[in-house]
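Subject: A structure for you to look at

Hello,

Here is the structure I promised to pass on to you. Please open it and keep it beside this email while you read.

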Amino acid sequence: MTEALYLANLVDEVLVIHRRDKLRATKVLQDRAFAKPNIRFVWDSIVKEIKGSDKVEKVVVENKKAGERTELEVDGIFIAIGVVPNSEIFKGKVHMDSQGYIVTDENMETNVKGVYAVGDVRSKKLRQVVTAVAEGAIAASHAAETYFS
Ligand SMILES: Cc1cc2nc3c(=O)[nH]c(=O)nc-3n(C[C@H](O)[C@H](O)[C@H](O)COP(=O)(O)OP(=O)(O)OC[C@H]3O[C@@H](n4cnc5c(N)ncnc54)[C@H](O)[C@@H]3O)c2cc1C
C-alpha cells in the first residue's frame, strides 16, 4: 500500500493487482488507499504475462477464482510483493530466524562474539531508518567498550 500510495501521487492511475480479496496492510494504509480515487484494485488475481514491444504495454492477469485471463493496458509495472533479507552470505555463520533475518542480543551482537548486525537485516519488528541508525550507534558503542577499551 505504501508503494501504491506513493505512485498514486505521480501517475494518473495505479492498478493494484492482488492475489487475495483483502489486504494485510495496516488499516490506516488501507483506508488511505481505498480513499484515493486513482487507485483501483484487481482482486484475486495474479500477473501471468507482461506484454510490449519496446516498452511495457499490457499485463495478462488471471483471476484465481474464475480462472479467466484479462489483458490490461498499462505503462509500467512495479513489483512489490514482500521482502527477502540480503543475508545469504552469512548463512551458517551466525544465528538467523526462520525468515533469514540475523538474530542479535540487545547490543546488536550476534552469537559470534565481535560480529554485529544492524538495520533491516536484523530480526526485529520495525524496519526504518531511525531504528537502523540507532542500532548502528548501539553496536558501535558496545564494540568500542567491549573490544577496544
Ligand atoms: C519502498 C521503501 C520505502 C521506505 N520508506 C521509509 C520511510 O519513509 N522512512 C523510513 O524510516 N524508512 C523507510 N524505509 C525503510 C528504510 O529504507 C530501511 O529501514 C533502511 O534503509 C535500513 O537501512 P540499512 O542500512 O539496514 O539497509 P540499506 O539502506 O538497504 O543499506 C544496505 C547497504 O548495504 C549494501 N550491501 C548489500 N550487500 C552488500 C555486500 N555484500 N557488501 C557491501 N555492501 C552491501 C547495499 O548496497 C546498501 O547500500 C523504506 C524502505 C522501502 C523499501
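Let us begin with a term that you will need: a residue is called buried if 20 or more other C-beta atoms lie within 10 Å of its own, exposed if 12 or fewer do, and partly exposed in between, with the C-beta atoms placed from the backbone. Please also keep in mind that this is a predicted model, in which local features need pLDDT of at least 70 and side-chain atom pairs count only at pLDDT 80 or more, while totals for chains, interfaces and linings use all residues. Residues are numbered from 1 along each chain as its sequence is written.

The overall picture

The protein has 3 helices and 5 strands. Here helices (H or I, at least four residues) and strands (E, at least two) are DSSP runs, numbered from the N terminus. Along the sequence they follow the pattern α-β-α-β-β-β-β-α. The protein is more spread out than a compact globule, because its radius of gyration is 21 Å, well over the 15 Å that the globule rule gives for 149 residues. That radius is taken over C-alpha atoms, and the rule is 2.2 Å times the number of residues to the power 0.38.

The C-alpha atoms fill a box of roughly 65 × 30 × 30 Å along the principal axes. Of the 149 residues, 11% count as buried.

The domain assignment gives domain 1 (2-73) and domain 2 (88-147); such bounds come from an automatic or database domain assignment. The centres of domain 1 and domain 2, taken over C-alpha atoms, are separated by 35 Å. For another long distance to find on your screen, try Glu145 and Ala33: they are 112 residues apart in sequence and 47 Å apart in space, C-alpha to C-alpha. Glu145 sits in helix 3 and counts as exposed, because it has 10 C-beta neighbours inside 10 Å.

The sheet

In general, strands of a sheet pair through backbone hydrogen bonds, either parallel or antiparallel. In this model, 3 strands form an open sheet in the order 3-4-5, with antiparallel pairing; two strands pair if DSSP finds at least two bridges between them. Which strands lie at the edge? They are strand 3 and strand 5, each of which pairs on one side only.

Strand 3 and strand 4 are joined by 6 bridges, and one pair of bridge partners is Glu49 with Val60 in strand 4. A hairpin of 6 residues leads from strand 3 to strand 4. On the other side, 5 bridges join strand 4 (residues 58-63) to strand 5. Val59 has Leu72 of strand 5 as its bridge partner, and Lys58 has Glu73 of strand 5. The hairpin of strand 4 and strand 5 has 5 residues between the strands, and Gly67 there takes a positive phi near 75 degrees.

Three loop residues

Most residues other than glycine have a negative phi, and most peptide bonds are trans. With that in mind, have a look at Asp44, whose phi is near 55 degrees, a positive value in a residue other than glycine. Asp44 lies in the loop between strand 2 (39-42) and strand 3 (45-51). Is Asp44 buried, exposed or partly exposed? Asp44 counts as partly exposed, because it has 17 C-beta neighbours inside 10 Å.

Met108 also has a positive phi, near 75 degrees. You will find Met108 in the loop between strand 5 (69-73) and helix 3 (129-147). Met108 is buried, because 23 other C-beta atoms lie within 10 Å.

Last comes Leu23, in the loop between strand 1 (14-17) and helix 2 (27-35). Leu23 is partly exposed, because 16 other C-beta atoms lie within 10 Å. Which residues is Leu23 in contact with, leaving aside its neighbours within four places in sequence? They are Met1, His18 and Gln30, where a contact means that the C-beta atoms of two residues, placed from the backbone, lie within 7 Å. Leu23 and Trp43 are 20 residues apart in sequence, and their C-alpha atoms are 9.6 Å apart in space.

Contacts can be counted over the whole protein too. Among those between residues at least 6 apart in sequence, 35% join residues at least 24 apart.

Enjoy exploring the structure!

Best wishes
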